[in-house]
Amino acid sequence: MTGTTLSLPLPTLAEQFLLRRDITFLNHGSFGACPRPVFTVYQAWQRQLEAQPVAFLGRELSARLHNARTRLAAFVGASADELVFVPNVTYALNIVARSIDLQPGDEVLGTTHEYGAIERTWRYVCRQRGATYVNQPLKLPVATPTEIIDQLWSGVTPRTRVILLSHITSPTALIMPVAEICRRARAAGIITVIDGAHAPGQIDLNLTELGADFYGANCHKWLCAPKGAGFLYVRPEHQTRLEPLVVSWGWQPPEPLQGSFLAYPTGRSLQAYYEWMGTDDPSAFLSVPAAIDFQQTHQWPAIRSACHALLREASAPILELSGLPPLSPADEQWWGQMRALPLPPCDPAQVQARLWHEWRVEVPCFMWEGQPLIRVSVQAYNSPTDIDRLLSGLRAIIA
């Protein structure tokens, strides 16, 4: 895309990431990418673990996790005792889905924009309990948040116990009006469960103000922490309703556990139930503060704005290929560093495969609600040259 000018020194930041330099990586939204300084901290934690595993896991881990959780809580606008580290959002929301006491006839309201693994989790649990999962259509394009709220709320019935909603949707990359939906749900006595997989690091986040009852998120995507770092946020009044997915040392008070070397909290709390599931490598959790430091050091609000601007410029020529309107307006209220755009009639799997094999462009293309879409992510390591290669490949394949 000739003529594109950015004030952001993207090539300098590209050197900070471990991604191969011979590919164009426009799929940060799937699994993220970890910067070199953060990965160095991650490996340092692993080396320390291997140097004295008993001290690291048995005596020191609880305090270290508390420190890391405190930093994360400040970053996402919550208290440390409202968070617990988990490997990913799927794990987090499995905890919630399996703990809520759904009864036969109850309804869980989701949308056609939810991530497949999360939708399957709720369908599975509903089938086990005799409840119903309702897949509410949210038609696109949309122009105002009110359109989204009204479409969702038309699926609410007297049997609705839970609303499941993505903060930023996976297939359509839209930022949902979550705060207002949580407010309306609370007034109606409906539990809100939010999939925040794409939120931390891509948009500002204040969980206390957001008002969700449960919020699961990944740190390894847009926050750029190592893989396997996520969290579950639970409002205090709901913490006692959660049940462990795996019963381990934290389940009972300490009296029956005499002789254990683990200096770890016990009793019915998020941390006791979920931060010790048996021997594992907690290095990804402990590296989250380094990811926060990296973004703060590199003035991440300016990075995000520059990435949004580059993605907005890339959108126009992609939309020209399809002749279709965008799914939403082009401002940061609706999408940040990731945007889904319609493609003309095609086999999206073939388009994705050819972009990779012929152009070395990594970007997802898929069918959603009968419409081929391409979901482009722009992160600090991307440049206008990456967009040029994507557009060249699309024009050659689709023309």
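This is a short chat about the cysteines and one strand of a predicted model.

Visitor: What should I know before we start?
Guide: The model is predicted, with local features needing pLDDT of at least 70 and side-chain atom pairs pLDDT 80 or more, while totals for chains, interfaces and linings use all residues. Residues are numbered from 1 along each chain as its sequence is written, and side-chain values use heavy atoms, leaving out hydrogens and water.

Visitor: How many disulfides does the structure hold?
Guide: Zero, where a disulfide is a pair of cysteine sulfur atoms within 2.5 Å. For Cys-307, the nearest cysteine sulfur belongs to Cys-224, 9.8 Å away.

Visitor: And why is there no bond from Cys-365 to Cys-346?
Guide: Their sulfurs are 7.2 Å apart, which is too far for a bond.

Visitor: Is Cys-307 buried or exposed?
Guide: Buried, because its relative accessibility is 1%. The term means under 20% relative accessible area, with exposed over 50% and partly exposed in between (1.4 Å probe, protein chains only). Cys-365 counts as buried too, at 5%.

Visitor: Switching to strands, why is β5 called largely enclosed?
Guide: Six of its seven residues (160-166) are buried, so the rest of the structure largely encloses β5. Strands here are DSSP runs of E, at least two residues, and helices are runs of H or I, at least four, numbered from the N terminus.

Visitor: Which strands pair with β5?
Guide: β3 (residues 107-111) pairs with β5 in the parallel sense over three bridges, and β6 (residues 191-196) does so over five. Pairing takes at least two DSSP bridges between two strands. Ser-166 has Asp-195 in β6 as its bridge partner.
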